[in-house]
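Grab a coffee and open the viewer. Below are a few short exercises, each with a worked solution.

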Amino acid sequence: AHSEEQAQLTEDSEYHYHPREPALAPLAVELHALDELGSAREREAIVMQCESIEKKSFPKLESMSDFMRSEIKGRARTLLVALLPREADSGSTVVAGYLLFERAALVAHILKLCVAEPMRRRGVGRLLMEAAAQRARAPVRGRASAAARPVSAMTLHVDPDRAGAVALYEKMGFREVSRRLDYYCVGRHAACMELDLSPC
């Protein structure tokens, strides 16, 4: 089990984006929810890649690589993965990025967003965010609970000093609604951002 502080740190929807670096050509990826993929072997290989990307992308205290499997199995949680198209001569699956979100009543919360370093600045993070918003807007089939209904808002936490991440979220329509002081550690706060998903 991880500490309460670590639990808070998993709710960090960081996106490694550097606004001063030129954007590269968009990357063609296939988006899937992990639990919708047919093969248990393929799902295991994808989770292992996500753990590796997580470990390389975040400092230890901000990484959920050691407890990712328990995090993604949480109730009403969905792990979206961006996969590179398979080569005709290779059966291997390559993960470009992933996003973990949780539905609760009328709100969906982004718990984690991460893109593998070689794939960054190519639109993968934005595609994952858009896919999460689309899924959150739709009711969950076969469930009668409140978490199955379409949500009216999507929320996330981000370090306000990560200007690139904040710029991406603002471009997608997120707005800062509050601050959580000392969220990551003493003196390091989190901006709480929200996207309105209610029907126009």
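Helices here are DSSP runs of H or I with at least four residues, strands are runs of E with at least two, and both are numbered from the N terminus. Keep in mind that this is a predicted model.

**Exercise 1. Find where Ala 105 sits and work out what is unusual about its backbone.**

Solution. Start with the place: Ala 105 is in the loop between β3 and β4. Next, the backbone: phi is positive at Ala 105, about 55°, even though this residue is not a glycine. That stands out because most residues other than glycine have a negative phi. Last, the surroundings: the relative accessible area of Ala 105 is 40%, so it counts as partly exposed. Now look for another case. Arg 121, also not a glycine, has a positive phi of about 65°. You'll find Arg 121 in the loop between β4 and α4 (124-137).

**Exercise 2. Lay out the overall fold of the chain.**

Solution. Count the elements first: there are five helices and seven strands. Then read them off from the N terminus: α-β-α-α-β-β-β-α-β-α-β-β. Next, burial: 46% of the 200 residues are buried. Now the contacts. Of those with a separation of 6 or more, 65% join residues 24 or more positions apart. Finish with the surface: about 10,700 Å² is exposed, and carbon and sulfur atoms supply 52% of that.

**Exercise 3. Check the length of helix α2 (residues 40-57), then see what it packs against.**

Solution. Take the 18 residues of α2 at 1.5 Å a residue. The expected span uses one less than the number of residues, so the helix should cover 26 Å, and its end C-alpha atoms are indeed 26 Å apart. Now look at how the helix begins: a side-chain oxygen of Ser 39 comes to within 3.2 Å of the backbone nitrogen of Arg 41. Then pick out the buried residues of α2, which include Ile 46, Val 47, Cys 50 and Ile 53, along with Glu 42, Glu 51 and Glu 54. The buried residues of α2 pack against α3 (68-72), β2 (77-83), β3 (95-104) and β4 (107-115).

**Exercise 4. Decide whether Thr 78 is buried or exposed, and list what it touches.**

Solution. Thr 78 is found in strand β2. Its relative accessible area is 17%, and buried means under 20%, so Thr 78 is buried. Leaving out residues up to four places away in sequence, Thr 78 touches Ala 33, Leu 99, Leu 100 and Phe 101.

**Exercise 5. Trace the links from Asp 159 through Arg 188 to Tyr 184.**

Solution. Begin in the loop between β5 (153-158) and α5 (163-171), where Asp 159 is found. With a relative accessibility of 7%, Asp 159 counts as buried. Its side chain reaches the backbone nitrogen of Asp 161 at 2.9 Å. The side chain of Asp 159 also makes a polar contact with the side chain of Arg 188, at 2.7 Å. Step on from there: Arg 188 lies over the face of Tyr 184, 4.4 Å from the ring centre. Now for ring pairs: the whole structure has two aromatic pairs. In one of them, the rings of Tyr 183 and Tyr 184 have centres 4.9 Å apart and planes at 85°, so this pair is edge-to-face. Tyr 183 is buried at 2% relative accessible area, and Tyr 184 is buried at 3%.

Definitions and conventions
Residues numbered from 1 in each chain as written. Predicted model: local features only at pLDDT ≥ 70, side-chain atom pairs only at ≥ 80, totals over all residues. Heavy atoms only, no water. Buried < 20%, exposed > 50% of the residue type's maximum accessible area, 1.4 Å probe, protein only. Contact = heavy atoms within 4.5 Å. Polar contact = N/O pair within 3.5 Å; in protein donor to acceptor, adjacent residues only side chain to side chain. Areas by Shrake-Rupley, 256 points an atom, 1.4 Å probe, with all protein chains shown as cover. Phe/Tyr/Trp six-rings, centres within 6.5 Å; stacked < 30°, edge-to-face > 60°. Lys NZ or Arg CZ within 6 Å of the ring centre and 35° of its normal.
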